[in-house]
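Here's a quick walk through a model you may want open beside you. Take a look at the sequence and the fold first, then read on.

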Amino acid sequence: MGVNDSNLWRINRRDFLTFSAGFVAAMSLGSMSGAGVSHAAEIKFPEGKCGGRMEKKILVTYASKYGSTGGVADVVGKELCSKDVAADVALVKNAGNVSSYQGVVIGSAIYMGKLMSEAIDFVEENKDFLRQVPVAYFLVCMTLSQPTEENRAKVLSYMNPILKAVPEIRPVGIGTFAGALDYNNLSWLTKKIMKSKGSPEGDFRDWNAIRTWTQDPVYAKFVR
């Protein structure tokens, strides 16, 4: 039986168009993926230890996307150390065994309107220990670059998932702080999203407010 040339052309043309569409999509995704992992500026996630004359030892652990929350955690740790409390500052993925601490401060960036999953996982995995010691939470969110009461309530509501997931942990305090945004640190796609939302660029962290919160309730209730 002979082959109809016109049918052969239709089949080949269809296959070619399918291949071309797939190739263009793959190239587009590849470009976006490449942009997503490259950053123009180095992102730092502070970690460290400091000793104190008190026997109390506190863990300050955090989940951060672009380093802004790490800066807050670092200041919290240093403020505790200035009051002779031993403090360890670590990313939640590096926190390790928490059983040697007499208190834990847990921070998270708010990313795309949610707590970072690493922070939630840390609390759930360590809930049996955390319910036995003082615990404080803090959130860092660019929404508070405009510190209205409405925005404070909105940011505070982001805690609801973790408070409902582990109700046995009753925090002695919940801090809510503005963050910092440097477009040079963002992926191409995230930069587009943030700019479309009108997110302001700059460092809006109020270091005095962060230090004050560290003194009370954290220090006041952790070392009593």
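Is Cys81 buried or exposed? With a relative accessible area of 15%, Cys81 is buried, because the cut-off for that label is under 20%. Keep in mind as you go that this is a predicted model.

**The disulfide**

Cys81 has a partner: a disulfide ties it to Cys50, S to S 1.3 Å. The structure holds one disulfide. The link brings together distant parts of the chain, with Cys50 sitting in strand 1 (residues 48–50) and Cys81 in helix 2 (residues 68–81), 31 residues apart. Cys50 is partly exposed, at 26% relative accessible area. Another cysteine worth a glance is Cys141, which counts as buried at 6% relative accessibility.

Here's how some residues come out for accessibility:

| Residue | Relative accessibility | Label |
|---|---|---|
| Cys50 | 26% | partly exposed |
| Cys81 | 15% | buried |
| Cys141 | 6% | buried |
| Lys44 | 60% | exposed |
| Glu125 | 66% | exposed |

**Charged residues**

Lys44 lies in the loop between helix 1 (5–37) and strand 1. Lys44 counts as exposed because its 60% relative accessibility passes the cut-off of over 50%. Along the sequence, Lys44 and Gly70 are 26 residues apart, while in space their C-alpha atoms are 7.8 Å apart.

Now for the acidic side of things. Glu118, Asp121, Glu124 and Glu125 come together on the surface as a patch of negative charge. Of these, Glu125 belongs to helix 3 (residues 117–125), and Glu125 is exposed, at 66% relative accessibility.

Definitions and conventions
Residues are numbered from 1 along each chain as its sequence is written. This is a predicted model: local features need pLDDT of at least 70, side-chain atom pairs count only at pLDDT 80 or more; totals for chains, interfaces and linings use all residues. Side-chain values use heavy atoms; hydrogens and water are left out. Patches are made of residues with over 30% relative accessible area and no salt bridge: like charges are joined within 9 Å, nonpolar side chains (Val, Leu, Ile, Met, Phe, Trp, Tyr) within 5 Å. Accessible areas come from the Shrake-Rupley method with a 1.4 Å probe; for residues, only the protein chains shown count as cover. A salt bridge is a side-chain nitrogen of Lys or Arg within 4 Å of a carboxyl oxygen of Asp or Glu. Lys and Arg count as positive and Asp and Glu as negative; His and the chain ends are not counted. The place of a charge is taken as NZ of Lys, CZ of Arg, CG of Asp or CD of Glu. Helices (H or I, at least four residues) and strands (E, at least two) are DSSP runs, numbered from the N terminus. Buried means under 20% relative accessible area, exposed over 50%, partly exposed in between (1.4 Å probe, protein chains only). A disulfide is a pair of cysteine sulfur atoms within 2.5 Å.
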